[in-house]
Amino acid sequence: MKALVYTGLNEVTYREELTPEPAAGEAKIRIEAVGICGSDMHAYHGEDARRIPPLILGHEAAGVVLSGKYLGQRVVLNPLICCENCLDCRSGRSNLCADRKLIGMNYPGAFAEFITIPEKNLLLLPDGMNPVHAALTEPAATSLHALYLAEKALHRPVSEGRALVIGGGSVGLLAALILRAHGCKEILLCDTNPLRRETVLKTACCEVFDPQNEPQNLDDSFELVIDAVGMETTRRMAIRAVRPGGVLMHIGLQQSAGDCDFRKITLAEITVIGTYTYTHTDLEAALQALHSGALGDLSWIEERSLSDGSSAFSDLNEGLSSAPKIILIPKS
Ligand SMILES: [Zn+2]
Ligand SMILES: [Zn+2]
């Protein structure tokens, strides 16, 4: 089969790889659509020690089942393979499973014509759903999981407060779209990339600004701030912007260290919540939300052929793409 393989620093190569065959309990899937994630970009930059080349990346995938009990059905993959036995798995927090494995990291990923994955990791697509839209399920579930955690900590429903989203990649944009769908009327989003700002503006779900040129009265004025970038500078902005008693959701993983204002966090009783991935239930809810149209027409997705994956990676690297998500399509 053909696959897009991470072969070394800032290099992905479209080449021939062995076609995988399913073991017991697994299904073989023909990939129809697979998104490029920020974490795939980290790997490409050599910044993720867990992803070692040569490796087929990609974990945001939809396709058709070629073997086993779901034969012929369209599915989305749950890329997190968990033990189902530990305390976290049994209490509904499988994303925290210490034994969790991820396709595109611990196993070959979905930037390929075919993949094998446990049957329990498949979600059936609603009838007639476009697999390109379905490939957004994973980032949408990440945003939805963050919002569920935030709602538990907020003292008022999101519909009664203002929200700031830092970062207009797919997780940031999907967070804004989900907040809008949950009735939040005042949402601001910032991104340093002007092409992306324009794309986010077209969705009309939020106001958009350049962090170089921030609006007045940003400080202390948002019940909810979502940092979908995770750098020292974005965390500083997030803590400045959050209102006393408010919540900061930290999703981005760009920089692990750096200074931040613990004095304000303390004096203003800010709740800071780290959030990572999703559960199977979050994926099901995200798939339904995408299918129902609650998150808009998703016309901001850019489709490219998997064989052009290398140029997609370099365009993302250089900030030349206006799309918050590029989805790769293997040739059928
Ligand atoms: Zn992802
Ligand atoms: Zn577990």
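I'll start with a loop: P54 lies between α1, residues 38-44, and β4. This is a predicted model, so please take everything I say as a description of that model. The peptide bond joining P53 and P54 is cis, with omega at about -5°.

The strand that follows that loop, β4, covers 55-56. β4 belongs to an open sheet of 3 strands, ordered β2-β1-β4, and the pairing there is antiparallel. The edges are β2, at 11-16, and β4, each of which pairs on one side only. Between β1, residues 2-8, and β4 there are 2 bridges, and the two strands run antiparallel. Which residue of β4 is the bridge partner of Y6? That is L55.

Now the domains. The assignment for the protein chain gives two entries: domain 1 is 2-136 + 298-329, and domain 2 is 140-274. Their C-alpha centres are 27 Å apart. To the contact between them, domain 1 gives 12 residues and domain 2 gives 15 residues.

Next, the other sheet. This one is open too, with 6 strands in the order β13-β12-β11-β14-β15-β16, and the pairing is parallel. At the edges stand β13, 207-209, and β16, 271-274; each has a single partner strand, so one side of each has no neighbour in the sheet. On average, neighbouring strands in this sheet are turned by 15° against each other, direction ignored.

Let me stay at the β13 edge. β12, residues 186-190, pairs with β13 in the parallel sense over 3 bridges. In one of these pairings, C190 has F209 of β13 as its bridge partner. What packs on this sheet? Helix α7, residues 232-241, does, and it touches β11, β12, β13, β14 and β15. In residue numbers, β11 is 162-166, β14 is 222-227 and β15 is 242-250. The direction of α7 makes about 150° with that of β15.

One backbone detail belongs here. D220 is found in the loop between β13 and β14. Its phi is positive, about 55°, although D220 is not a glycine.

That leaves the helices, and I have two pairs to show, both involving α4. Packed helix pairs are described by the angle between the axes and the distance between the axes.

The first pair is α4, residues 137-153, with α5, residues 170-181. The angle is about 55° and the axes are 8 Å apart. How does that make the two helices stand to each other? α4 and α5 are therefore oblique. The crossing of α4 past α5 is right-handed. On the α4 side the contact is made by P139, A140, T142, S143, L144 and L147; on the α5 side, by S170, V171, L174, A175, I178 and L179. Sorted by class, that contact has 9 nonpolar and 3 polar residues, and no charged ones.

The second pair is α4 with α9, residues 280-292. Here the axes come within 8 Å and cross at roughly 110°. α4 and α9 are therefore roughly perpendicular to each other. α4 passes α9 in a right-handed crossing. From α4, the residues in the contact are T137, E138, A140, A141, L144, H145 and Y148. They meet D282, L283, A285, A286, L287 and L290 of α9. By class, this contact divides into 9 nonpolar, 2 polar and 2 charged residues.

If you want to follow α4 on the screen, A140 and L144 are good places to look. Both are listed in the contact with α5, and both are listed in the contact with α9.

To recap: the 3-strand sheet pairs antiparallel, and the 6-strand sheet pairs parallel. α4 is oblique to α5 and roughly perpendicular to α9.

Definitions and conventions:
Residues are numbered from 1 along each chain as its sequence is written. Chains are lettered from A and ligands numbered from 1 in the order in which they are written. This is a predicted model: local features need pLDDT of at least 70, side-chain atom pairs count only at pLDDT 80 or more; totals for chains, interfaces and linings use all residues. Side-chain values use heavy atoms; hydrogens and water are left out. Axes are lines fitted to C-alpha atoms, for helices over the stretch in contact, and angles run from 0 to 180 degrees between N-to-C directions. Helices (H or I, at least four residues) and strands (E, at least two) are DSSP runs, numbered from the N terminus. Angles under 35 degrees count as roughly parallel, over 145 as roughly antiparallel, 65 to 115 as roughly perpendicular and the rest as oblique. A crossing is left-handed if the near helix is turned anticlockwise from the far one by less than a right angle, and right-handed if clockwise. Contact means heavy atoms within 4.5 Å. Ala, Val, Leu, Ile, Met, Phe, Trp, Tyr, Cys and Pro count as nonpolar, Asp, Glu, Lys and Arg as charged, and the others, Gly among them, as polar. Two strands pair if DSSP finds at least two bridges between them. Domain bounds come from an automatic or database domain assignment.
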